[in-house]
Protein chains: 2
Amino acid sequence: MARREEARHRPGGRTPLDRATVLAAAVAMADAEGTAGVSMRRLADRLGFAVMALYNHVRSKDELLALMVDAVAAEVPPPDPGLPPMAAVRAHALDTRAAFVRHPWAPPLWLESLPGPERVDHMEALLAVLARSGLDPETAHHGFHAVNNHVIGYTLQEQAMAFPADDLADRVAVFLASVSADTHPLTVAHVHEHLGGRTESSFELVLDLILDGLVRRG
Amino acid sequence: MARREEARHRPGGRTPLDRATVLAAAVAMADAEGTAGVSMRRLADRLGFAVMALYNHVRSKDELLALMVDAVAAEVPPPDPGLPPMAAVRAHALDTRAAFVRHPWAPPLWLESLPGPERVDHMEALLAVLARSGLDPETAHHGFHAVNNHVIGYTLQEQAMAFPADDLADRVAVFLASVSADTHPLTVAHVHEHLGGRTESSFELVLDLILDGLVRRG
DNA sequence: AGGGTGCAGCGTACGCTGTACGTTGTCAAG
DNA sequence: CTTGACAACGTACAGCGTACGCTGCACCCT
């Protein structure tokens, strides 16, 4: 009876795989090495099982990737109902961004796979806050996209330069070497403004600009 | 002498490959079947050459992909110097979006590869317009990102649902089937607003909202 | 005119990928 | 004790990117 709860396992072997274990290992692997580093074989190796054992728990690699991004969506806390609506939208955007920063491989997949259940909850939550914000329905509709696009677009753009994690400086250096300050002074200056480190505040600043615009529109 | 200009070719065979031909074929192939459909083997087959012949003109597949996105950047016309600055920014954003609509496979690559020469021109052009817009330098810096993120983020998000080209309806149907109107009424309603067709105007509307916000900020 | 050189095209081969299929061993239920 | 379900596994296949070495043509220099 209590045994029933216990996963059944063969006596000689370790406890069998299950879906959640596979998913967790895949997320960990992607966090460490990016999406490109995740292959079914490497994943199975790390878990100590044969490749095809994974397919007893996951229909295909595509399904696994979809589960992974849904797991990231699940990490975003629901909007705080105690906050004024637009403040809740703002906080929700920051929380979403934080999840993307923890899992830099997620934004591209987020765009490519259809939303799973967790992501639908994420959508519904944002739409609900917008609905009680006093914005007229059409503005709310556009606001949903404006906020989402900003969060995803910004994070994507930023991490394209910085992933895998530590070669940011290398990539910037390679890039700068390919651009002449004579013919493209503004581009070079722009990159140097980033090296000055004001990147982080830019996300919130543009977000506020969008939110203000929505509110003013009514 | 005139012969010198003529590409040298072997008498029995067709004119040899060159970099531009490979690039053009790759772009055409991606337009038709998406990035996933482009493999070096298939590309070589279509050109009537052996696989390894391609590598005489392109260092690697990654380089080829980078060239492809740079080719898309080259399609964006430079901002019209006759326009008032912010109107030119707006037009440039629309032109960039148009190029992405013609080549739906481009936005993800745009984010993943370092900018090539054409894309650097694209950056410099936008920065130049912003520089003569009267915005203060910090606002201009943020405006560059705000506009870029909107263009890329919006197009990416939109085409994630619609690519390959014709199965938009299918994907929407599959998605709607997975969402209950009881538990997620706002999500379902939001999707139906899209089916009503106001998607296209949303891009420009949010763009204007961002541009207004920048101008007001000074 | 003849020899040398460089380079485009090519064939082969390697290591990697996702996954279809069939077998095996162990459990729980009848 | 038998039976059925099912997780794990081994094998195999088609496809990928690309390193390497060979071949033969077109040119340049003598």
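Do the copies meet through the same surface or through opposite ones?

1. Bear in mind that this is a predicted model. As for the opening point, 98% of the interface residues of chain B are also interface residues in chain A, so the copies meet through the same surface.

2. The symmetry is easy to describe. A turn of 180° with a shift of 0.0 Å along the axis lays chain B on chain A, and the RMSD is 0.1 Å. The two copies are therefore related as by a two-fold rotation axis. If you want a landmark for that axis, go to Gly153(B): its C-alpha, at 2.2 Å, comes closest among the residues of chain B.

3. On to the contact itself. Chain A and chain B put in 48 residues each, and about 4600 Å² is buried between them, with carbon and sulfur atoms giving 66% of that area. The rule finds 20 residue pairs in polar contact across the interface, both partners at pLDDT 80 or more, but 0 salt bridges.

4. Now for the pieces of chain B that touch chain A. At least two residues each come from α6 (106-112), α7 (117-131), α8 (137-162), α9 (168-177), α10 (185-195) and α11 (199-217) of chain B. The largest share is that of α8(B), with 15 residues. By type, this side of chain B splits into 24 nonpolar, 15 polar and 9 charged residues.

5. One annotation to look at: an unreviewed UniProt entry lists residues 39-58 of chain A as "DNA-binding region". In the model, that stretch of chain A is 60% helix and 0% strand, and its end C-alpha atoms are 13 Å apart.

Definitions and conventions
Residues numbered from 1 in each chain as written. Chains lettered and ligands numbered in written order. Predicted model: local features only at pLDDT ≥ 70, side-chain atom pairs only at ≥ 80, totals over all residues. Heavy atoms only, no water. Contact = heavy atoms within 4.5 Å. Buried area = accessible area lost by both parts, 1.4 Å probe. Salt bridge = Lys/Arg side-chain N within 4 Å of Asp/Glu carboxyl O. Polar contact = N/O pair within 3.5 Å; in protein donor to acceptor, adjacent residues only side chain to side chain. Helix = DSSP H or I, 4+ residues; strand = E, 2+ residues; numbered from the N terminus. Nonpolar A, V, L, I, M, F, W, Y, C, P; charged D, E, K, R; others polar. UniProt positions renumbered as here; feature names shortened; annotations may be inferred. Least-squares fit on C-alpha atoms with pLDDT ≥ 70 in both.
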